[in-house]
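Good morning, everyone, and thank you for making the time. I would like to walk you through a structure that may be new to you, and I will try to go slowly.

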Amino acid sequence: MRKIITMIASVLVVMAMTSAIDTVPEVAREGYQAPNITIHSGNQSVELQQLRGSAVILSLWSSANPESRLANIAAKHEAARRGMKHVSVNLDRSADLARAIAAIAGVDAIYCPQSQRQQLAERWGVDLNTGEGLGNWHIGADGVIL
């Protein structure tokens with residue numbers, strides 16, 4: 001009986017230690033390091049890790065999702081008010097539509113090309129079909145999602 005209890009305790013200790021090592025989960029979550037984003041679109045480029053040391057509001061939005069469009073505009077103003085960086089990433093299927101909507105909204109957005117959209121969506125928990133998961137993320141200067 002004593003061996004079984006010792007074995008169970010050992011397994012629990014190993015499980016606890018390995019879960020503490022997981023600083024970057026498969027999908028973005030509060031309290032964990034933000035998954036890196038590297039997007040190259042035309043003459044624009046953004047890499048989230050290059051912004052370490054600065055607090056960031058990351059906006060993932062689509063023209064087809066009114067809530068995310070409005071949240072993106074609000075995030076731009078909130079970031080400016082708080083002295084934070086604002087990274088606006090558009091997940092539309094059309095680069096032309098993305099640029100037109102961003103210009104109307106007065107935001108500097110980077111368009112996420114088709115070739116990079118799926119990976120970004122998977123890392124940040126966005127359903128590209130329904131728009132679920134679009135919105136703003138507050139990332140601390142240490143890269144942790146708040």
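I will talk about the salt bridges and then about the pockets.

Please keep in mind throughout that this is a predicted model. A search of the whole structure turns up three salt bridges, and we can begin in helix α2, which covers residues 66-82. There, the side chain of Glu78 meets that of Arg81 at 2.7 Å, N to O, and Glu78 also forms a salt bridge with Arg82, at 3.6 Å. Arg81 lies three residues from Glu78, about one turn of the helix, while Arg82 lies four residues from Glu78, again about one turn. As for accessibility, Glu78 is partly exposed at 27%, Arg82 is partly exposed at 46%, and Arg81 counts as exposed at 62%.

The remaining pair is in helix α3, where Asp96 and Arg99 sit three residues apart, and their closest N and O atoms are 3.5 Å from each other. Asp96 is exposed, with a relative accessible area of 60%, whereas Arg99 is partly exposed, at 46%. Returning to the other helix, shared partners join Glu78, Arg81 and Arg82 into one network.

Let me turn to the pockets. The largest has a volume of about 260 Å³ and is lined by 16 residues, with Ser62, Ala64, Leu91, Asp92 and Leu128 nearest its centre. The second largest pocket holds about 150 Å³ of space, and here we meet Arg99 again, since this residue is among those nearest the centre of that pocket, together with Gln44, Ala109, Ile110 and Tyr111.

Technical notes
Residues are numbered from 1 along each chain as its sequence is written. This is a predicted model: local features need pLDDT of at least 70, side-chain atom pairs count only at pLDDT 80 or more; totals for chains, interfaces and linings use all residues. Side-chain values use heavy atoms; hydrogens and water are left out. On a 1 Å grid over the protein atoms alone, a cavity is a set of points where a 1.4 Å probe fits but cannot get out, and a pocket is an open set with protein on both sides within 12 Å along at least five of seven lines; lining residues have an atom within 4 Å of a point. Grid points are joined across faces, edges and corners, and a volume is the space filled by probe spheres set on the points. A salt bridge is a side-chain nitrogen of Lys or Arg within 4 Å of a carboxyl oxygen of Asp or Glu. Helices (H or I, at least four residues) and strands (E, at least two) are DSSP runs, numbered from the N terminus. Buried means under 20% relative accessible area, exposed over 50%, partly exposed in between (1.4 Å probe, protein chains only).
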